[in-house]
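Please open the model in your viewer and keep the selection panel at hand. The tour goes from one selection to the next, with a word at each stop on what is there.

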Amino acid sequence: METLNVALGDRSYPIYVGPALLERADLLLPFLRRPKTAIVTNTTVAPLYLQRLADPLRRAGVDVAEIILPDGEQFKDWRTLNSIFDVLLQRRCDRSTTLIALGGGVVGDITGFAAACFQRGVPFIQVPTTVLAQVDSSVGGKTAINHPLGKNMIGAFHQPQLVLADTDTLNTLPDRQLRAGLAEVIKYGLIRDLPFLEWLEASLDRLLEREAVALGEAICRSCRNKAEVVVADERETGERALLNLGHTFGHAIETGVGYGRWLHGEAVAAGTLMASELSSQLGWIGPHDVGRVERIFQRAGLPVYGPALAGERYLDLMQNDKKVQDGKIRLVLLRQIGQAVVSDAAPQIEILTAIAARSAHV
């Protein structure tokens with residue numbers, strides 16, 4: 001097991017990464033304020049892992065409530081959020097009850113938001129079971145639900161008490177989900193860690209084959225990058241925005257085609273190619289750099305072209321982005337491979353050209 005730390009003063013917390021951690025109630029018990037918890041999961045993860053997490057806690061004397069949500073991005077909404085509150089109230093949970101998110105990014109986001117809201121804030125723990133959640137969404141305290149007009153537009157910053165990433169859960173992850181999670185791993189290399197990108201280029205086949213050592217290294221390296229950025233800029237007023245490379249375009253894709261049709265990582269991959277094209281048009285990186293970005297995403301089995309939405313539709317959806325300021329779309333772009341910046345300097349015509357270059361044709 002590897003132990004990392006998110007150093008936020010009195011709100012600091014560990015990230016445990018390794019195999020066979022779900023049954024380690026000893027890792028969780030120190031973070032429970034009282035022997036009562038509610039595990040939030042979904043219909044896909046529950047049959048696989050719910051009892052492996054819940055039973056050791058019950059044997060340790062913890063009162064465990066189980067909340068099983070429908071699976072899918074389309075259920076990350078007010079209705080599903082309210083169903084969590086229903087169980088918490090029915091079970092007489094209070095401010096000392098800890099919520100545990102067992103699942104991927106959707107479960108983690110909605111559970112964290114429920115924890116931020118219930119009785120004005122209760123503690124929660126992240127137990128991510130997908131690559132995407134283990135390397136990105138479980139760390140840093142961003143919680144949210146979606147709105148029909150925009151992804152993750154309703155939420156709160158609410159840091160977990162602990163992140164417990166059991167790498168064994170990746171053995172049952174569908175190939176499509178594994179590949180989608182790698183988009184967030186590749187992102188760290190592109191925005192701030194060139195040696196990591198070079199390692200990924202050399203190790204991608206091992207990751208796709210689910211080699212345990214390679215996956216563990218990729219998860220730990222990604223979490224270190226995420227933790228460093230969160231510590232430097234917890235509320236995303238500066239450097240943390242760089243973690244959104246490809247996300248403004250990608251969220252537009254997810255919203256535009258309907259939540260759940262494209263996985264988040266798939267949309268981020270196509271969005272990153274749009275951002276790369278725009279960076280090239282601005283003269284910051286060369287066509288060979290765009291080709292390098294394209295090759296690693298293609299090798300990962302991820303899309304390098306977005307859906308055939310009209311350019312104006314993309315722009316309209318991108319206006320509902322958390323980085324928009326004073327009506328200006330602020331994008332994460334590449335000054336060079338391994339160095340990203342946030343910029344609102346791109347003319348609209350250039351943005352449209354980049355979208356057109358990386359959109360599938362009808």
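Begin with strand 2, where both faces are covered: Tyr-13, Ile-15 and Val-17 are buried on one side, and Pro-14, Tyr-16 and Gly-18 are buried on the other. As you look at this element, bear in mind that the model is a predicted one. The strand spans residues 13-18, and six of its six residues are buried. In a regular strand the side chains alternate between the two faces of the sheet.

Next, add strand 1 (residues 2-6) to the selection, which pairs with strand 2 in the antiparallel sense over five bridges. Within this pairing, Leu-4 stands opposite Ile-15. The two strands form a hairpin with six residues between them, and if you step through the turn you will come to Gly-9, which has a positive phi of about 65 degrees.

Now select strand 9 (residues 163-166), which runs parallel to strand 2 and is joined to it by four bridges. Two facing pairs are worth labelling here: Tyr-16 stands opposite Leu-164, and Val-17 stands opposite Ala-165. Strand 9 is also covered on both faces, with Val-163 and Ala-165 buried on one side and Leu-164 and Asp-166 buried on the other.

From strand 2, keep Tyr-13 selected and move to the second largest pocket, whose lining includes Tyr-13 together with Asp-10, Arg-11 and Ser-12. To complete the lining, add Arg-33, then Gly-121, Val-122 and Pro-123, and finally His-158, Gln-159, Pro-160 and Gln-161. The space in this pocket comes to about 190 Å³, and its lining residues divide into four nonpolar, five polar and three charged.

Two of those lining residues, Arg-33 and Pro-123, lead to the next stop, since both are touched by Thr-98. Thr-98 is in strand 5 (residues 98-103), and it counts as buried because its relative accessibility is 0%. Although Thr-98 and Pro-123 are 25 residues apart in sequence, their C-alpha atoms are 4.9 Å apart in space. Beyond four places in sequence, Thr-98 also touches Phe-31, Leu-32, Lys-36, Thr-37, Ala-38, Phe-124 and Ile-125.

Select Phe-118 next, in the loop between helix 4 (105-117) and strand 6 (124-128). Is this loop residue buried or exposed? Phe-118 has 6% relative accessibility and therefore counts as buried. Setting aside residues up to four places away in sequence, Phe-118 touches Phe-85, Leu-88, Leu-89, Cys-93 and Asp-94. For a sense of distance across the model, draw a line from the C-alpha of Phe-118 to that of Val-230, which is 112 residues away in sequence and 24 Å away in space.

Then go to helix 12 (residues 311-318), in which Tyr-314, Leu-315, Leu-317 and Met-318 are buried. These residues lie on the same side of helix 12 because they cover an arc of only 165 degrees around the axis. To see what they pack against, show helix 9 (247-257), helix 10 (264-281), strand 10 (331-336) and helix 13 (348-357).

Leu-317 and Met-318 also bring you to the largest cavity, which they help to line. A search of the whole structure finds one cavity of 30 Å³ or more, and the largest has a volume of about 50 Å³. Strand 8 (150-157), helix 9 and helix 12 each give two or more residues to its lining, with helix 9 giving the most, four residues. To display the whole lining, select Leu-149, Gly-150, Lys-151, Thr-248, His-251, Ala-252, Thr-255, Leu-317, Met-318, Asn-320 and Asp-321. By class, this lining holds four nonpolar, five polar and two charged residues.

Finish at Leu-194, in helix 7 (residues 194-208). At 29% relative accessibility, Leu-194 counts as partly exposed. Apart from its neighbours within four places in sequence, Leu-194 is in contact with Gly-189, Arg-292, Ile-337 and Gly-338. A last line can be drawn from Leu-194 to Gln-325, whose C-alpha atoms are separated by 30 Å, the two residues being 131 apart along the chain.

Notes:
Residues are numbered from 1 along each chain as its sequence is written. This is a predicted model: local features need pLDDT of at least 70, side-chain atom pairs count only at pLDDT 80 or more; totals for chains, interfaces and linings use all residues. Side-chain values use heavy atoms; hydrogens and water are left out. Buried means under 20% relative accessible area, exposed over 50%, partly exposed in between (1.4 Å probe, protein chains only). The arc is that of the directions from the helix axis to the C-beta atoms. Contact means heavy atoms within 4.5 Å. Two strands pair if DSSP finds at least two bridges between them. On a 1 Å grid over the protein atoms alone, a cavity is a set of points where a 1.4 Å probe fits but cannot get out, and a pocket is an open set with protein on both sides within 12 Å along at least five of seven lines; lining residues have an atom within 4 Å of a point. Grid points are joined across faces, edges and corners, and a volume is the space filled by probe spheres set on the points. Ala, Val, Leu, Ile, Met, Phe, Trp, Tyr, Cys and Pro count as nonpolar, Asp, Glu, Lys and Arg as charged, and the others, Gly among them, as polar.
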